[in-house]
Amino acid sequence: MIVGVPKEVKPDEYRVAMVPAGAEELTRAGHTVHIQSGAGAGSGIPDEQYAANGAKIVPTAAEVWRAADLIVKVKEPLAEEWPHMRAGQTVFTYFHFAADEHLTRAVMKSGITAVAYETIRDAKGTLPLLTPMSEVAGRMSVQEGAKYLERPFEGRGILLAGVPGVPPATVSVIGAGIVGANAARVAAGLGANVYILDVNLDRLRYIDDVMPQNVTTVFSNRLNILECLRQSDLVIGAVLIPGAKAPHLVRRADLKVMQPRAVVIDVAIDQGGCFETSRPTTHANPTYMVDDIVHYCVTNMPGAVGRTSTYALTNVTLPYAAQLANKGVDRAIKDNPALLAGVNVRAGRVTNAAVAETFGLECVPAV
């Protein structure tokens with residue numbers, strides 16, 4: 001099989017979907033690996049390292065897409081990439097379809113098999129290909145929030161940790177999953193006063209057991225969210241419903257109860273965002289103001305730390321990419337229920353129930 005890795009085209013995206021070890025493993029298994037020239041530059045991986053491990057360096061994205069049976073990417077195909085997709089091809093990447101109907105319909109029209117990292121679910125019920133990037137995004141959310149609380153970035157002028165005689169910032173994290181737990185841990189480690197909210201009491205019990213004393217668990221309901229908003233300098237949205245659009249847990253009217261120039265970081269923006277006022281932003285222009293509240297809604301947060309993110313991501317994606325290459329998509333998804341759960345669109349039909357429900361489309365079985 002020919003496996004293609006194009007250079008990512010999303011603004012300020014520095015990750016790459018395969019490292020040289022992946023090229024070596026696939027070529028050793030008898031596959032041909034095409035890497036677009038410069039694809040690994042943002043992660044500090046030169047073309048020469050790929051070539052030394054058996055990959056063929058290809059000058060343009062068009063050539064990679066044209067030759068490949070299996071395309072492995074990091075981010076969803078952008079509009080400029082849609083014409084390259086063709087029937088019978090498999091594309092393995094993050095898609096986040098529920099946040100983008102135009103992308104969904106373009107993929108349906110193309111006839112590709114879309115295997116989405118974010119809906120692959122293992123035997124334990126976890127999302128193994130979402131986890132490492134959720135860890136990165138959760139930790140980055142506090143790092144970015146601390147920066148945008150600074151006055152030159154239009155924030156409140158508050159140091160997250162405080163100093164003796166001056167209290168630390170208050171941070172509220174909505175959602176206690178992988179993103180939320182990592183955000184809470186980093187914020188607590190910096191000395192902030194942290195609230196973490198969720199509707200899963202078992203998860204809150206676990207968080208309560210493992211977090212330091214400056215993290216307080218709160219059951220997530222409308223009144224408790226509002227109370228946390230009133231107290232918070234930084235609010236991190238970390239809500240995930242796999243494959244579906246994120247619910248708007250914070251409405252525009254709710255911003256009026258917040259402290260002026262408080263900061264919200266919406267990590268759920270890939271799935272539409274959990275703040276009603278969220279809209280996608282980029283690393284080049286990461287923030288905007290609504291009702292005197294700083295909003296940070298970058299859709300590819302881990303892309304800014306490309307080297308860390310690339311290696312964390314490819315550690316978990318390579319085994320699945322190898323299965324798709326070694327067996328072909330038909331047999332791979334029949335043999336592995338986790339991969340089957342990753343199939344969101346196939347031969348023009350939506351195969352993921354959450355995506356179908358979001359857009360009022362028919363959902364058909366992938367096999």
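In the predicted model, E76 is a buried residue, its relative accessible area amounting to 12%. Its side chain meets that of K75 in a salt bridge, with an N to O distance of 3.7 Å, and K75 is likewise buried, at a relative accessible area of 2%. Because burial is assigned under 20% relative accessible area, both E76, at 12%, and K75, at 2%, fall within that class. The side chain of K75 also meets that of D270 in a salt bridge, here with an N to O distance of 3.4 Å. K75 is placed in the loop between β4 (70-72) and β5 (90-93), whereas D270 is placed in the loop between β11 (263-266) and β12 (287-290), so the pair ties together parts that are 195 residues apart in sequence.

The structure holds 19 salt bridges, including one between D202 and R205, whose closest N and O atoms are 3.0 Å apart. Both of these residues belong to helix α7 (residues 201-210), where they are separated by 3 residues, about one turn of the helix. D202 counts as exposed, with a relative accessibility of 57%. Elsewhere, K10, K75, E76 and D270 are joined into one network by salt bridges that share partners.

As for the nonpolar interior, nonpolar side chains in soluble globular proteins tend to be buried together. The largest nonpolar core of the model comprises 73 residues, and F92, V171, V194 and I236 are those with the most contacts inside it. Helix α9 (residues 306-335) supplies the largest share of this core, namely 9 residues. When residues up to four places away in sequence are not counted, V194 touches V171, V173, A184, A187, A188, N214, V215 and T216. A second core, separate from the largest one, has 24 residues, among them Y195, M258, A268 and F275.

Eight strands form an open sheet with mixed pairing, in the order β3-β2-β1-β4-β5-β6-β14-β15. The edges are occupied by β3 (56-58) and β15 (349-350), each of which has a single partner strand, so that one side of each is left without a neighbour in the sheet. Within the sheet, strands β1 (residues 2-5) and β2 (residues 32-36) run parallel and are joined by 4 bridges, and G4 stands opposite H34 in β2. Helix α9 packs on this sheet, touching β1, β4, β5, β6 (113-116) and β14 (343-346), and its direction makes about 150 degrees with that of β5. Helix α9 thus appears both in the packing on the sheet and as the source of the largest share of the 73-residue core.

Note on methods:
Residues are numbered from 1 along each chain as its sequence is written. This is a predicted model: local features need pLDDT of at least 70, side-chain atom pairs count only at pLDDT 80 or more; totals for chains, interfaces and linings use all residues. Side-chain values use heavy atoms; hydrogens and water are left out. A salt bridge is a side-chain nitrogen of Lys or Arg within 4 Å of a carboxyl oxygen of Asp or Glu. Buried means under 20% relative accessible area, exposed over 50%, partly exposed in between (1.4 Å probe, protein chains only). Helices (H or I, at least four residues) and strands (E, at least two) are DSSP runs, numbered from the N terminus. A nonpolar core is a set of buried Ala, Val, Leu, Ile, Met, Phe, Trp, Tyr and Cys residues joined through side-chain atoms within 4.5 Å. Contact means heavy atoms within 4.5 Å. Two strands pair if DSSP finds at least two bridges between them. Axes are lines fitted to C-alpha atoms, for helices over the stretch in contact, and angles run from 0 to 180 degrees between N-to-C directions.
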